[in-house]
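Trainee: Please take me closely through the hollow spaces of this protein and the helices around them. I would like one connected account, with each term given its cut-offs.

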Amino acid sequence: MSGTGISVGGDGVEARLRRWRMVLGGDGDGTGWVPGGRDVGMDAALSALYGGAGSGERSGGLGGSAPHVARWLGDIRTYFPSSVVQVMQRDAIERLGLASLLLEPEMLEAVEPDVHLVGTLLSLNKAMPETTRETARAVVRKVVEQLEKRLASRTRATLTGALDRSARTSRPRHADIDWDRTIRANLKNYLPEYKTVVPERLVGYGRAAQAVKKEVVLCIDQSGSMAASVVHASVFGAVLASMRSIATRLVVFDTAVVDLTDQLDDPVDVLFGTQLGGGTDINRALAYCQSRITRPADTVVVLISDLYEGGIRNEMLGRVAAMKASGVEFVALLALSDEGAPAYDREHAAALAALGAPAFACTPDLFPEVMAAALEKRPLPIP
């Protein structure tokens with residue numbers, strides 16, 4: 001079924017009829033193929049969510065019964081791989097309005113945790129009963145730990161290298177010599193008879209000391225459309241905060257601004273400190289971030305937002321221009337997720353680009369390279 005990413009394998013006429021039956025989902029679909037064995041359960045699980053196509057209309061059949069939904073969640077995990085289960089869960093939440101059922105601990109224990117489910121739970125945070133809160137935190141923690149395992153080591157290694165390279169020295173140890181720069185700096189000392197360059201001046205990397213070298217401010221839009229970005233940014237914020245050479249501040253905003261820096265040791269606490277939904281006042285958020293900058297030449301500000309501004313547009317752009325003029329490296333990310341091309345305010349994106357701050361979407365895997373480039377003050381690797 002292409003809409004859910006479901007693949008029914010095999011070749012030949014029989015396999016093709018089977019696939020079409022699974023896609024069309026009805027006895028009057030014209031294929032003449034009748035499900036049997038395991039396919040009966042698979043077909044029932046699909047029909048419960050997407051309905052049959054025989055009448056030309058699709059309607060879900062899960063209803064509002066928590067036990068029924070819990071059984072269905074168990075069925076889809078039996079018949080489909082995890083990646084498909086996550087898509088079907090998302091469709092069930094969006095198509096059938098099952099978000100309220102996620103407030104029940106039994107339901108949460110049955111679902112497959114993923115970034116989208118975390119976003120849904122965070123949007124329900126304020127309505128969540130105490131009996132559900134610990135179960136919800138366990139679901140969120142599982143996703144966060146998966147993301148940390150995938151992203152943390154590479155992020156630390158990439159940024160440590162960037163911090164080392166940002167401190168050049170003319171008296172490097174042998175292991176720290178930057179040979180490319182050393183050769184370029186000494187080309188005038190080329191000896192043709194020996195076919196070699198005499199390096200009168202060595203250029204090398206300084207070792208990043210334990211003292212703070214750079215400051216990073218993550219300014220995160222917590223409007224509902226930015227849920228996946230909030231999850232990834234919180235994980236990266238915790239990783240950055242664990243590096244002694246980087247002082248990290250994490251700020252979330254809608255029409256209000258909340259500084260969650262003191263919770264960065266646990267990204268789950270950060271996530272439950274957010275409140276997805278509401279309006280957007282980027283100008284107010286940037287004003288707060290700007291007021292906390294003490295070393296502009298050593299500071300990177302990362303705005304993660306779709307740029308749909310509800311505040312004062314000209315002041316927002318003026319703050320970005322002022323920060324850049326003071327020496328701040330300003331990065332604007334339209335999304336920090338794997339979800340593909342985001343919706344965003346193109347006019348504001350163009351205005352930022354005109355200020356020398358191009359706005360672009362970034363996957364979590366690319367983010368360490370983006371941050372490394374910003375820390376070294378070199379061109380960003382824009383996709």
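Mentor: The account below starts with the whole chain and then turns to the enclosed space, a helix contact and the open pockets.

What you see is a predicted model, in which local features need a pLDDT of at least 70 and side-chain atom pairs count only at pLDDT 80 or more, while totals for chains, interfaces and linings use all residues. Residues are numbered from 1 along each chain as its sequence is written, and side-chain values use heavy atoms, with hydrogens and water left out.

The protein chain contains 14 helices and 10 strands; these elements are DSSP runs numbered from the N terminus, helices being H or I over at least four residues and strands being E over at least two. Of its 383 residues, 47% are buried, where buried means under 20% relative accessible area, exposed means over 50% and partly exposed lies in between, using a 1.4 Å probe and protein chains only. Among contacts in the chain with a separation of 6 or more, 72% join residues 24 or more positions apart, a contact being a pair with heavy atoms within 4.5 Å.

Searching the whole structure gives 2 cavities of 30 Å³ or more, and the largest cavity holds about 120 Å³ of space. It has 15 lining residues, and those closest to its centre are Leu73, Gln89, Ile93, Leu102 and Val111. On a 1 Å grid over the protein atoms alone, a cavity is a set of points where a 1.4 Å probe fits but cannot get out, a pocket is an open set with protein on both sides within 12 Å along at least five of seven lines, and lining residues have an atom within 4 Å of a point. Grid points are joined across faces, edges and corners, and a volume is the space filled by probe spheres set on the points.

At least two lining residues of the largest cavity come from each of α3 (66-79), α4 (82-96) and α6 (115-123), and α4 gives the most, with 5 residues. By class, this lining has 10 nonpolar, 3 polar and 2 charged residues, with Ala, Val, Leu, Ile, Met, Phe, Trp, Tyr, Cys and Pro counted as nonpolar, Asp, Glu, Lys and Arg as charged, and the others, Gly among them, as polar.

Helix α6 leads on to a helix pairing, since the axes of α6 and α9 (residues 227-241) come within 9 Å and cross at roughly 100°. That angle makes α6 roughly perpendicular to α9. On the α6 side the contact is made by Val115, Val118, Gly119 and Leu122, and on the α9 side by Ala227, Ala228, Val231 and His232. These contact residues divide into 6 nonpolar and 2 polar, with no charged residue. Here the axes are lines fitted to C-alpha atoms, for helices over the stretch in contact, and angles run from 0 to 180 degrees between N-to-C directions; under 35 degrees counts as roughly parallel, over 145 as roughly antiparallel, 65 to 115 as roughly perpendicular, and the rest as oblique.

Two residues of that contact, Val115 and His232, return in the largest pocket, which has about 310 Å³ of space. The pocket is lined by 17 residues, and Gln86, Asp114, Val115, His232 and Asp338 lie nearest its centre. Two or more of its lining residues come from each of α4, α6, α7 (130-166) and α9. The lining divides into 6 nonpolar, 6 polar and 5 charged residues.

The second largest pocket has a volume of about 190 Å³. Of the 14 residues that line it, Ser225, Ala335, Glu339, Pro342 and Ala343 lie nearest its centre. The elements giving two or more residues to this lining are α9 and β9 (329-336), and α9 supplies the largest share, 3 residues. The lining here divides into 8 nonpolar, 4 polar and 2 charged residues.

Taken together, α6 contributes to the lining of the largest cavity and also to that of the largest pocket, whereas α9, which meets α6 at roughly 100°, contributes to the largest pocket and to the second largest pocket.
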